[in-house]
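Got the viewer open? Here's a walk through this one, stop by stop, with what to select and what you'll find when you do.

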Amino acid sequence: MRFILALWASKFLLFILKLKKAHQDDKPGLLAYRICKNFNEKINKPKLVIAVTGTNGKTTVSSLIASILEKDHKKVGYNDWGANTLAGHARCLIDCVTIFNRPKKDVAVLEVDEMTSRETLKATDPDYIIVTNIAKDSIRRNESPDYIFSILKESLNSLSKAKIFLNADDPISSFLVSGDRVKYFGVAKTKDKIVDYKSKDFVICPKCYSKVEYIYQQYRAIGRFYCPRCDFKSKNSDYQLSLSLAKDEAILKYANKEEKYPLISSGIFELYNEVAVLALFKELNYSYEDLHNLISQVGITKIRKEETVVKNIKVLRHATKGQNSSAAAVVFEVVGEDPKTKEVILILDEEYEHFNGTETITWIYDADFEFLNKPNIRKIIVGGKRCLDYRLRLLLAGIPEDKIITVSTEDNLADYITIDKELEEVDILYEIGKVQKSCKLQEQLIKKIEGEAYED
């Protein structure tokens, strides 16, 4: 009776929120759990339940999966507003059933928070699980990869039916589970350079405690690795993605086959996201023709990355996960490796901390701001209450003082961009909670570029 009451009450609340166009809210799920403590275990699930977890990339991967399924005319329940804990999953599943607890959707795609995976995965019992990677994350909550590894290992080993996809090139997450139910995905070598990152996610072999070596390194700890003193090494990929020679297509290799697919993005971390998605759909027995057609219709969510070109000047928004040195360093590296003449705007203060004026800033000393110390980056504009902290970090990274502009607010930062004939790109690096601010800033930049004559 508690479950039925919880279902009806939460569905009624969801109905009201939909009328108000405020349905992307966890309140129905929170209400359901207040009434029935094991709500997610009792609610009926769609025939197919797919879960995506990991430190970085889970939102992109789950979004791509949901988009492809919708293009395939499937009815999909998806927690697309990032609610990846019990209440968010409950809200998603409430929308997947009738008031009589009968499934009305074909698939549920659930983004899963690593920290709460012991409860959420057990409650939803998914058919397929993708683990994107494990790396350092928020220093206040889950900074230790070892800690996250132990939680996910316990979570995955408690499930018996799920087929699990692991990143073969990740020396941490690839060893979560083993056996016939595991499929490994990876990306072929993309660069020769081995980077000595300031903060390292993985250094020591867990078997003999020697320093691991890399055959090639994609980014951070991701790449083909081995221990020179024992048999610890990378897993072999069941599904491996590589770029075509023209770098305009992705080539998927599996089971002695090769198939070409459209690139969703040429960025290295997006290649890992794409191969994880392709591996899942091949295991779901999608034909090459169908999958090629479907993936050509989707792309990276604009919340994470968006590009606009105005008067030959590219304006790029990059989601840069604040409090996460690993994710931020990856974005810094991508921006720094691009040789275009550019100016960079940083709005990295954590939005949710503004109400009390405090914020943990120690993570910025683990993040590799050194990647932004490039001659083609002629100016870095930092906005927000913590702008002086970022200024100090940029100076420690060797960036000349005259290149750094600090502004105590995050408004009107576009005014500090110099539009001239040499400028090719402006990169807006924003904390993930500041989507709206970054979009407004992008609009201001577009208007500035359109309305301003080039300076001689």
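Start by selecting S242. This is a predicted model, and in it S242 has a relative accessible area of 16%, which is under the 20% cut-off, so the residue counts as buried. Colour strand 9 while you're here, since that's where S242 lies. Who sits around S242, if you skip residues up to four places away in sequence? Show A188, E249, A250 and I251: S242 touches each of them.

Now bring up strand 6, residues 182-187. Strand 6 and strand 9 run parallel, joined by 3 bridges. For a landmark, pick G186, whose bridge partner in strand 9 is Q240.

Keep Q240 on screen and add Y216, because Q240 is among the contacts of that tyrosine. Y216 is found in strand 7. Buried or exposed, then? Y216 has a relative accessibility of 9%, so it counts as buried. Setting aside neighbours within four places in sequence, the other residues in contact with Y216 are V187, A188, K189, K191, I194, G223 and R224. A188 is a name you've met already, as it also touches S242. If you like distances, draw one between the C-alpha atoms of Y216 and K189: you'll get 6.5 Å, for two residues 27 apart along the chain.

Next, go back to strand 6 and step across to strand 5, residues 163-167. These two are parallel and joined by 4 bridges; select I164 and its bridge partner in strand 6, V182. Strand 4, residues 128-131, also pairs with strand 5, again in the parallel sense and over 4 bridges. There, Y128 stands opposite K163 in strand 5. Why is strand 5 largely enclosed by the rest of the structure? Because 4 of its 5 residues are buried.

Zoom out for the whole sheet. How many strands does it have, and in what order? There are 9, forming an open sheet that reads 2-3-1-4-5-6-9-10-11, with mixed pairing. Select strand 2 (76-78) and strand 11 (257-262) to mark the edges. Each has a single partner strand, so one side of each is left without a neighbour in the sheet. Look along the sheet and follow the twist, which averages 20° from one strand to the next.

Time for some empty space. The second largest pocket has a volume of about 810 Å³. To find its centre, select S266, G267, I268, V334 and E337, the closest to it of the 33 lining residues. Two strands from earlier stops, strand 7 (213-219) and strand 9 (239-243), are among the elements giving two or more residues to the lining. Others to colour include helix 8 (268-283), strand 12 (305-310), strand 13 (313-319) and strand 17 (425-430). Helix 10 (325-337) is on that list too, and with 5 residues it supplies the largest share of the lining. By class, you're looking at 12 nonpolar, 8 polar and 13 charged residues.

Last stop: the cavity. The structure holds 1 cavity of 30 Å³ or more, and the volume of the largest cavity is about 30 Å³. What lines it? Select D137, I139, E143, Q323, S325, W363 and D366. That lining splits into 2 nonpolar, 2 polar and 3 charged residues.

Conventions:
Residues are numbered from 1 along each chain as its sequence is written. This is a predicted model: local features need pLDDT of at least 70, side-chain atom pairs count only at pLDDT 80 or more; totals for chains, interfaces and linings use all residues. Side-chain values use heavy atoms; hydrogens and water are left out. On a 1 Å grid over the protein atoms alone, a cavity is a set of points where a 1.4 Å probe fits but cannot get out, and a pocket is an open set with protein on both sides within 12 Å along at least five of seven lines; lining residues have an atom within 4 Å of a point. Grid points are joined across faces, edges and corners, and a volume is the space filled by probe spheres set on the points. Ala, Val, Leu, Ile, Met, Phe, Trp, Tyr, Cys and Pro count as nonpolar, Asp, Glu, Lys and Arg as charged, and the others, Gly among them, as polar. Buried means under 20% relative accessible area, exposed over 50%, partly exposed in between (1.4 Å probe, protein chains only). Contact means heavy atoms within 4.5 Å. Two strands pair if DSSP finds at least two bridges between them. Axes are lines fitted to C-alpha atoms, for helices over the stretch in contact, and angles run from 0 to 180 degrees between N-to-C directions.
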